[in-house]
Amino acid sequence: MRARTAIVAGAVALVLAGCGAAEPGSGVTGTVTVFAAASLTGSFDRIGRDFEAAHPGSTVVFNFAGSSALATQITEGAPADVFASAAPQNMTGVDSDGTPVVFARNQLVVAVPAGNPEGVRSLADLTRPGLKVALCAEQVPCGSAARRALDVAGVTLTPVTLETDVRGALAKVRLGEVDAALVYRTDTRAAASDVTTVEFPESARAVNDYPIAALADAPNPAAARAFVAHVRSAGSQSVLTEAGFQTP
Amino acid sequence: MTPIARPARRPEGARRLRGARRGAGGVPVALLLPALLGLAFLALPLAGLLARTPWSTLPQRLTEPGVLAALRLSLLTATLATLLCLLLGVPLAWLLARVEFPGRRLVRALVTVPLVLPPVVGGVALLLVFGRRGLIGDWLDRLFGITLPFTTTGVVLAEAFVAMPFLVIAVEGALRGADRRYEEAAATLGAGRWTTFTHVTVPLVAPGLAAGAVLCWARALGEFGATITFAGNYPGRTQTMPLAVYLALETDVEAAIVLSLILLVVSVVILAGLRDRWVSTP
């Protein structure tokens with residue numbers, strides 16, 4: 001199994017071979033490879049550093065990308081220890097070691113250019129003629145969450161673009177190409193100098209759960225389990241809430 | 001002494017030619033092996049696509065409305081982008097090939113920049129010029145109410161930006177290789193510069209022009225990065241085939257494979273049809 005994996009994703013395997021020296025069963029040392037949703041980038045960088053400090057001799061390597069892309073990489077044999085997804089549906093089909101647990105939740109907000117020049121106050125305001133709105137495509141988590149929120153609010157709007165990821169939608173607001181976009185609260189917090197956040201009550205019905213799991217084929221199972229436990233610890237949870245996530 | 005030395009060279013040249021022929025017959029293993037590996041490296045991913053294609057559900061997937069809309073939009077925008085490239089690129093190639101002007105090397109370098117530029121960067125650059133707050137876009141928006149991002153026109157611009165160098169390079173090469181005596185003869189017979197260009201120069205470089213246009217069209221058809229960045233993704237308006245492939249991958253790998261297969265078939269058919277013209281390019 002290990003050999004096949006190494007062939008399929010040679011480059012990652014080389015990294016592992018270079019700094020790995022993982023000895024399964026001897027506690028938490030060596031490299032732990034974490035595949036994590038792009039929206040976790042900032043928080044997980046901090047959480048990873050904390051983990052390395054708490055477990056001398058360990059190294060955390062991240063692969064941040066869209067959850068679906070990560071799930072595909074894992075099922076195609078990329079050697080990952082931990083998978084943290086932005087949506088539960090990307091966990092199905094991935095062989096995990098135990099049941100995935102929800103460690104964070106992300107809520108939608110309306111992002112508008114700094115100062116809210118168009119005076120957007122609610123989801124219904126987004127239907128105003130001439131107002132350009134960016135949404136995520138329904139195939140990606142932020143898009144399906146947006147669909148749920150709009151359905152709950154009974155709002156029908158025609159966006160100018162259905163972006164392939166949440167960062168794309170936010171970028172169009174930052175560049176001033178659209179007047180509003182539905183994105184995650186964590187995204188607007190990271191871009192606070194360029195965008196203003198407009199909260200709306202219907203978002204409570206369109207919250208995305210973030211599950212995490214150690215993987216069944218993890219090259220470093222002990223470290224994988226330790227990392228999952230670390231993400232659920234009080235310290236990591238406060239890092240996540242600081243970034244704008246809700247925690248269970 | 002010179003008249004004697006000249007004929008003496010001839011047999012030597014003939015011998016060299018024979019030697020070259022012999023060398024072409026026996027291919028050294030040191031070249032053959034990496035060449036075959038190189039071929040396998042380029043061809044295997046395409047074979048992988050074919051191996052994973054869900055042939056049984058293929059017909060019904062091909063006729064899904066979303067697929068047809070994306071394919072139609074792709075063919076339309078690639079064709080319009082090629083026309084735009086012909087309109088602007090042929091004169092540009094002529095300028096580069098036939099007119100000495102200061103900074104010509106710099107201009108040629110600029111023309112080829114989109115070849116090596118990551119397409120996403122091209123998309124960002126287009127936004128900064130033609131976007132709602134861009135250098136030209138701001139002015140277009142305020143004076144005429146025209147916005148280019150998120151429109152089919154935006155897709156055409158993004159594709160043309162990325163594909164134009166292919167046309168310019170092919171046409172410039174053809175112009176440099178063309179025999180200028182025909183143009184000079186036309187001029188001495190009283191043809192004006194424009195008549196000479198349309199009646200002599202263009203027919204002379206027609207194979208190179210066709211090759212460049214087809215390559216330009218194929219590149220436009222495959223454009224992804226600049227399109228998603230500049231024109232966004234909206235079904236029927238800006239969602240071209242490559243964008244549809246990317247999104248399909250999020251939910252349904254088989255759908256992504258089918259869409260990829262269509263693009264592959266279209267590209268191979270076009271490029272295979274091009275081969276003869278390519279070879280005959282002066």
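In this predicted model, B:Phe150 is buried, with a relative accessible area of 4%. B:Phe150 sits in the loop that runs between helix 7 and helix 8 (152-177) of chain B. The backbone here is worth a look: phi of B:Phe150 is near 70°, a positive value in a residue other than glycine. Most residues other than glycine have a negative phi. A second case appears in the other chain, where A:Asn116 has a positive phi of about 50° and is not a glycine either. A:Asn116 belongs to the loop between strand 5 (108-113) and strand 6 (133-136) of chain A. With a relative accessible area of 9%, A:Asn116 is buried, because the cut-off for that class is under 20%.

The loops of chain B offer two further residues to visit. B:Thr53 lies in the loop between helix 2 (29-52) and helix 3 (58-62) of chain B, and at 5% relative accessibility B:Thr53 counts as buried. Leaving aside residues up to four places away in sequence, B:Thr53 touches B:Leu58, B:Ile257 and B:Leu261. B:Ile136, by contrast, is partly exposed, with a relative accessible area of 35%. The loop that holds B:Ile136 connects helix 6 (119-130) with helix 7 (137-144) of chain B. B:Ile136 also takes part in a nonpolar surface patch of about 650 Å², together with B:Leu135, B:Trp139, B:Leu143, B:Phe144 and B:Ile146. B:Ile136 can belong to such a patch because its 35% relative accessible area passes the required value of over 30%.

On the scale of whole chains, the secondary structure of chain B consists of 14 helices and zero strands. Read from the N terminus, the elements of chain B therefore follow one another as α-α-α-α-α-α-α-α-α-α-α-α-α-α, helices being numbered in that direction. Chain A, for its part, has nine helices and 10 strands. Buried residues account for 52% of the 248 residues in chain A, while in chain B 37% of the 282 residues count as buried. The accessible surface of chain A is about 10,000 Å², with 53% belonging to carbon and sulfur atoms. For chain B, about 16,200 Å² is exposed, and carbon and sulfur atoms supply 70% of this area. Contacts were also sorted by sequence separation. Among contacts with a separation of 6 or more, residues 24 or more positions apart account for 77% in chain A and for 73% in chain B.

Helix packing can be followed in one pair from chain B. Two packed helices are described by the angle between their axes and the distance between the axes. Helix 4 (residues 65-98) and helix 13 (residues 241-251) of chain B pack at an angle of about 145°, and their axes are 8 Å apart. On the helix 4 side, the contact is made by B:Val67, B:Ala70, B:Leu71 and B:Ser74, and on the helix 13 side by B:Met241, B:Pro242 and B:Ala244. By type, the residues of this contact are six nonpolar, one polar and no charged.

Turning to charged side chains, the structure holds 18 salt bridges over all chains. Side chains of opposite charge can pair when their charged atoms come close. In chain A, A:Glu199 and A:Arg185 form a salt bridge with an N to O distance of 3.1 Å. A:Glu199 lies in the loop between strand 9 (195-198) and strand 10 (208-214) and A:Arg185 in helix 7 (residues 185-190) of chain A, so the pair ties together parts that are 14 residues apart in sequence. A:Glu199 is partly exposed at 43% relative accessibility, whereas A:Arg185 is buried at 15%.

Chain B supplies two more pairs for inspection. B:Glu183 forms a salt bridge with B:Arg98, with the closest N and O atoms 2.6 Å apart. This pair links distant parts of the chain, as B:Glu183 is in helix 9 (residues 181-188) and B:Arg98 in helix 4 of chain B, 85 residues apart. B:Glu183 counts as buried at 11% relative accessibility, and B:Arg98 counts as buried at 13%. Elsewhere, the side chains of B:Arg176 and B:Glu172 meet in a salt bridge at 2.8 Å, N to O. Both residues lie in helix 8 of chain B, four residues apart, about one turn of the helix. B:Arg176 is partly exposed at 44% relative accessibility, but B:Glu172 is buried, with a relative accessible area of 7%. Salt bridges with shared partners join B:Arg108, B:Glu172 and B:Arg176 into one network.

Key: Residues are numbered from 1 along each chain as its sequence is written. Chains are lettered from A and ligands numbered from 1 in the order in which they are written. This is a predicted model: local features need pLDDT of at least 70, side-chain atom pairs count only at pLDDT 80 or more; totals for chains, interfaces and linings use all residues. Side-chain values use heavy atoms; hydrogens and water are left out. Patches are made of residues with over 30% relative accessible area and no salt bridge: like charges are joined within 9 Å, nonpolar side chains (Val, Leu, Ile, Met, Phe, Trp, Tyr) within 5 Å. Accessible areas come from the Shrake-Rupley method with a 1.4 Å probe; for residues, only the protein chains shown count as cover. A salt bridge is a side-chain nitrogen of Lys or Arg within 4 Å of a carboxyl oxygen of Asp or Glu. Helices (H or I, at least four residues) and strands (E, at least two) are DSSP runs, numbered from the N terminus. Buried means under 20% relative accessible area, exposed over 50%, partly exposed in between (1.4 Å probe, protein chains only). Axes are lines fitted to C-alpha atoms, for helices over the stretch in contact, and angles run from 0 to 180 degrees between N-to-C directions. Contact means heavy atoms within 4.5 Å. Ala, Val, Leu, Ile, Met, Phe, Trp, Tyr, Cys and Pro count as nonpolar, Asp, Glu, Lys and Arg as charged, and the others, Gly among them, as polar.
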